[in-house]
Amino acid sequence: TDYPASTIHRKIYEMEEGLKDDGSGKMIFSPRKNEDEFTKTIYFVDEASLISNVNSENELYRFGSGFLLNDLMKYCGDKKIVFVGDYAQLPPIGQNISPALSAEYLKEQFNVSCKEVYLKEVVRQVADSSILINATSIRDSIENNVFNTFQINDGADVIHGESLLNDYNKLTSGNVNEDAVIIAYSN
């Protein structure tokens, strides 16, 4: 697009000049003032299923209010935001949903109107890929709210953990923790 891109944290927080000690030894990254002079800016946020809206800080640091989605919405103000993500992926830690991908949540928490669009055509996996077959099965289970018949199906492109561990042992001359849990992966 020839437009600059960055992580959310780099965009909305003062990473150097805004770094402060709150007196407890914790470093606070201050919210950055949005100096966007354009009136028709649209922010595109990829992997939005990972954006949490629960307090996220630890004993060493905090970004802004500690609530990433709140801080992002405040930073963007009245500008448009397009959240791109997959609702079938795992939600942020400590949340049952991905709040940035929930029109209901965004309306309730931020009083914004949303349009939801679902892309259905898969273009990054081979049609008979085990990843695609299993991902489609998971998505269908989520959409139909049926989980008691769900199962992962094997395929020719799946390498099981034992075989993968054996291959890894050969590559590392056996210097691997036998307690490692490796389930499967696809080419």
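Which residues are buried in helix 2? In this predicted model, they are Leu68, Leu69, Asp71, Leu72, Met73, Tyr75 and Cys76, where buried means under 20% relative accessible area, exposed over 50% and partly exposed in between, with a 1.4 Å probe and protein chains only. Residues are numbered from 1 along each chain as its sequence is written, and side-chain values use heavy atoms, with hydrogens and water left out. Because the model is predicted, local features need pLDDT of at least 70 and side-chain atom pairs count only at pLDDT 80 or more, while totals for chains, interfaces and linings use all residues.

The overall layout comes first. The protein chain holds five helices and seven strands, taken as DSSP runs numbered from the N terminus (helices: H or I, at least four residues; strands: E, at least two). Read from the N terminus, the order of elements is α-β-β-β-β-α-β-α-α-β-α-β. The chain has 187 residues, of which 29% count as buried. Among contacts with a separation of 6 or more, 55% join residues 24 or more positions apart, a contact being heavy atoms within 4.5 Å.

Helix 2 deserves a closer look. This helix is mostly covered, with seven of its nine residues buried. Its buried residues are covered by elements including helix 1, strand 3, strand 4 (61-63), strand 5 and helix 3. After helix 2 comes glycine 77, with a positive phi near 60°.

Helix 2 also figures in the largest nonpolar core, that is, a set of buried Ala, Val, Leu, Ile, Met, Phe, Trp, Tyr and Cys residues joined through side-chain atoms within 4.5 Å. This core has 21 residues, and the members that touch the most others are Ile8, Ile12, Tyr13, Ile51, Leu69, Leu72 and Phe83. At least two core residues come from each of helix 1 (8-12), strand 3 (42-45), helix 2 and helix 3. Helix 2 supplies the largest share, six residues. In soluble globular proteins, nonpolar side chains tend to be buried together. For isoleucine 12, the contacts beyond four places in sequence are Ser30, Pro31, Arg32, Leu68, Asp71, Leu72 and Tyr75.

Helix 3 (residues 103-110) offers a neat example of sidedness. Here Ala103, Tyr105, Leu106 and Phe110 are buried. These residues lie on the same side of helix 3 because they cover an arc of only 160° around the axis, the arc being that of the directions from the helix axis to the C-beta atoms. On the face turned away from this buried side sit the exposed residues Glu104 and Glu108. The buried residues of helix 3 pack against helix 2 (68-76) and strand 5 (80-83). Just past the end of helix 3, asparagine 111 adopts a positive phi of about 50°.

Attention now turns to the pockets. On a 1 Å grid over the protein atoms alone, a pocket is an open set of points where a 1.4 Å probe fits, with protein on both sides within 12 Å along at least five of seven lines, and lining residues have an atom within 4 Å of a point. The largest pocket encloses about 2,200 Å³, a volume being the space filled by probe spheres set on the points, which are joined across faces, edges and corners. Its lining comprises 47 residues, and Val84, Gly85, Asp86, Tyr87 and Leu101 are the closest to its centre. Strand 5, helix 3 and helix 4 (130-144) are the elements that give two or more residues to this lining, and helix 4 gives the most, eight residues. By class, the lining has 26 nonpolar, nine polar and twelve charged residues (Ala, Val, Leu, Ile, Met, Phe, Trp, Tyr, Cys and Pro count as nonpolar, Asp, Glu, Lys and Arg as charged, and the others, Gly among them, as polar).

The second largest pocket has a volume of about 1,000 Å³. Of its 29 lining residues, Pro4, Ala5, Lys11, Tyr43 and Phe44 are the closest to its centre. Helix 1, strand 3 and helix 2 each contribute at least two residues to the lining, which divides into 16 nonpolar, six polar and seven charged residues.

Two individual residues round out the picture. Alanine 135 is found in helix 4 and counts as partly exposed, at 36% relative accessibility. The C-alpha atoms of alanine 135 and alanine 88 are separated by 8.7 Å, with their positions 47 residues apart along the chain. Phenylalanine 29 belongs to strand 2 (residues 27-29) and is buried, with a relative accessible area of 14%. The C-alpha atoms of phenylalanine 29 and arginine 62, 33 residues apart along the chain, are 6.3 Å from each other.
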